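Here are some exercises to work through with the model on your screen. Try each task before you read its solution.

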Amino acid sequence: MIEATSCGGVVIFRGKILLLYKNYRNRYEGWVLPKGTVEDGEQHTETALREVKEESGANASIVKFIGKTSYSFNTYSDVVSKNVYWYLMMSDSFYSKPQREEYFCDSGYYKYHEAYHLLKFPNEKQILEDAYSEYIALRREGLWGRPL
């Protein structure tokens with residue numbers, strides 16, 4: 001078994017959530033949150049920010065840690081057990097440009113309910129739910145948009 005670690009973000013701008021659409025060899029892969037693999041010597045926060053920027057082009061800043069998801073999948077020769085560390089992030093605009101090299105062919109910001117139903121994976125839906133609840137709480141307290 002191979003252990004792998006990724007980090008990603010639930011990026012919000014003006015109440016809308018950033019999603020990426022992956023299409024590999026004209027096969028539907030689905031809508032996902034931006035995330036990617038931790039590189040040697042990188043902190044989890046650095047990975048999350050770098051991956052959001054690389055995969056979507058969005059400028060984001062971390063608001064807070066949201067949680068961890070775990071899943072496994074099979075490759076040709078092994079089983080990969082992956083942990084993903086998620087951060088609530090704030091963007092500075094609606095700008096996004098999907099990273100073609102990673103087979104992302106579309107990206108955009110969606111209302112919560114749209115984003116929730118578009119997301120392919122149940123664990124990402126749960127992280128979205130947790131992150132959006134935190135976003136609403138911070139807004140209610142007048143803390144969204146201020147450094148914590």
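**Exercise 1. Which residue in β6 does Gly 9 stand opposite?**

Before you start, note that this is a predicted model, where local features need pLDDT of at least 70, side-chain atom pairs count only at pLDDT 80 or more, and totals for chains, interfaces and linings use all residues. Residues are numbered from 1 along each chain as its sequence is written, and side-chain values use heavy atoms, with hydrogens and water left out.

Step 1. Find strand β1, residues 2-13, which pairs with β6 in the parallel sense over 11 bridges. Strands count as paired if DSSP finds at least two bridges between them.

Step 2. Look across from Gly 9, and you reach Tyr 87 in β6.

**Exercise 2. Describe how β5 and β6 are joined.**

Step 1. Follow the chain: β5 and β6 form a hairpin, with four residues between them.

Step 2. Check the direction: the two strands run antiparallel and share 13 bridges.

Step 3. Pick out one position: Lys 64 has Leu 88 of β6 opposite it.

Step 4. Now consider burial, meaning under 20% relative accessible area with a 1.4 Å probe and protein chains only. β6 is largely enclosed by the rest of the structure, because 11 of its 13 residues are buried.

**Exercise 3. Characterise the largest pocket and its lining.**

Step 1. Take the volume, about 660 Å³. A pocket here is an open set of points on a 1 Å grid over the protein atoms alone, where a 1.4 Å probe fits, with protein on both sides within 12 Å along at least five of seven lines; lining residues have an atom within 4 Å of a point.

Step 2. Go to the centre: of the 26 lining residues, the closest to it are Lys 22, Lys 35, Tyr 71, Phe 73 and Lys 82.

Step 3. Sort the lining by type, which gives nine nonpolar, six polar and 11 charged residues. Asp, Glu, Lys and Arg count as charged; Ala, Val, Leu, Ile, Met, Phe, Trp, Tyr, Cys and Pro as nonpolar; the others, Gly among them, as polar.

Step 4. Ask which element gives the most: α1 does, with four residues.

**Exercise 4. Place these parts in the whole fold.**

Step 1. Count three helices and seven strands, taken as DSSP runs (H or I, at least four residues; E, at least two) numbered from the N terminus.

Step 2. Read along the sequence to get β-β-β-β-α-β-β-β-α-α.

Step 3. Finish with burial: 45% of the 148 residues are buried.

Methods: Grid points are joined across faces, edges and corners, and a volume is the space filled by probe spheres set on the points. Buried means under 20% relative accessible area, exposed over 50%, partly exposed in between (1.4 Å probe, protein chains only).
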